[in-house]
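Student: I would like a close look at one part of this model, the largest pocket. Please set the scene with the chain as a whole, and then carry on through the other local details that deserve attention.

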Amino acid sequence: DDAILTNWKGITYMKPYRKPRDSNTPGQQAVRGAFSTLVADWGCLAGIVRTAWNASVEGMNLTGYNAFIGANSGARRRGELLKLCPSMGESQVMNFTAAAGSAAGTLSCSFAPITTGKHLTLFLRREAAGENEASMLRHDCGADPVSPVTVPSLDPGAHYDVYALVTDASYAEA
């Protein structure tokens, strides 16, 4: 009655049972909201982003998922940009700006030239009415993209957080 068995990374262990308090304070609601949207964001991310998070914690008693949540929970609660991906040695996108495009529902992203042969991928996360939606859109710009890049098919007037990622190959193969 006073202990629970749990399994983590293949290791089963026992810990004491503590009856949870259901404190529904505004602060706790903010924490829960931030956590739930980060969990959903992680679900939208795959490939090299997950690989990079997992590699960043190799040898530690931690998973890439745990590191992503831990690195971003405070930023999400404060309405700041996330740390989308730890570095894996590729160059950063320099002089990156994103602004509404000339046509409704488009976004124009400009940047300094990236290293020849490298690929650029944009991630966009929509925020609506002060609530964080839990979905990331991915826009592949291909190899050697020319600035500016236009991202089509967005919701006109919506606010998007935009992240740029340089990879050594197309996103699916990076």
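Tutor: Happy to. A residue counts as buried here when its relative accessible area is under 20%, as exposed when that area is over 50%, and as partly exposed in between. By that cut-off, buried residues account for 33% of the 174 residues in the protein chain. Please keep in mind throughout that this is a predicted model.

The overall layout comes before the pocket. The protein chain holds three helices and eight strands, and along the sequence they follow the pattern β-β-α-α-α-β-β-β-β-β-β. Taken along the principal axes, the C-alpha atoms fill a box of roughly 65 × 40 × 20 Å.

Now to the part you asked about. The largest pocket contains about 540 Å³ of space. Its lining is made up of 24 residues, and those closest to the centre are C85, Q92, A164, L165 and V166. Two elements, α2 (48–56) and β8 (159–167), each give two or more residues to this lining. The greatest share comes from β8, which supplies six residues. Sorted by class, the lining has 16 nonpolar residues, five polar ones and three charged ones.

Since α2 contributes to the pocket lining, its own burial is a good next stop. Four residues of α2 are worth picking out on your display: I48, V49, A52 and W53 are the buried residues of this helix. They lie on the same side of α2, because the arc they cover around the axis is only 140°.

A similar reading works for the helix before it in the chain, α1. This helix runs over residues 26–44, 19 residues in total, and spans 27 Å from its first C-alpha to its last, close to the 27 Å expected at 1.5 Å a residue. Its buried residues are A34, T37, L38, D41 and W42. These too sit on the same side of their helix, because they cover an arc of only 145° around the axis of α1.

The start of the chain offers a contrast in burial. Strands β1 (residues 3–8) and β2 (residues 11–16) run antiparallel and are joined by six bridges. Within this pairing, I4 of the chain faces K15 in β2, and L5 is set opposite M14 in β2. Two residues lie between the strands of this hairpin, where K9 takes a positive phi near 55°. As for cover, β2 has hardly any: of its six residues, the count that are buried is zero.

Let us return to the far end of the sequence and the loops that come before β8. The loop between β6 (131–143) and β7 contains P148, and the peptide bond leading from S147 to P148 is cis, with omega near 0°. D144 belongs to the loop between β6 and β7 as well. Although D144 is not a glycine, its phi is positive, at about 50°. D144 counts as partly exposed, because its relative accessibility is 39%, which falls between the 20% and 50% cut-offs.

The loop between β7 (149–151) and β8 is home to S153. This is another residue that is not a glycine and yet has a positive phi, here of about 60°. S153 counts as exposed because its relative accessible area is 73%, over the 50% cut-off.

One last distance brings us back to the pocket. C85 is among the lining residues closest to the pocket centre, and from C85 to S153 the C-alpha to C-alpha separation is 25 Å, with the two residues 68 apart in sequence. If you want one view to finish with, try centring on A164, L165 and V166, which are among the residues closest to the pocket centre, and then trace β8, the element that gives the most to the lining.

Terms used. Residues numbered from 1 in each chain as written. Predicted model: local features only at pLDDT ≥ 70, side-chain atom pairs only at ≥ 80, totals over all residues. Heavy atoms only, no water. 1 Å grid on protein atoms, 1.4 Å probe; cavity = no way out; pocket = protein on both sides within 12 Å on 5 of 7 lines; lining within 4 Å. Points joined across faces, edges and corners; volume = space filled by probe spheres on them. Nonpolar A, V, L, I, M, F, W, Y, C, P; charged D, E, K, R; others polar. Pairing = 2+ DSSP bridges. Expected span 1.5 Å × (residues − 1). Buried < 20%, exposed > 50% of the residue type's maximum accessible area, 1.4 Å probe, protein only. Arc of directions from axis to C-beta.
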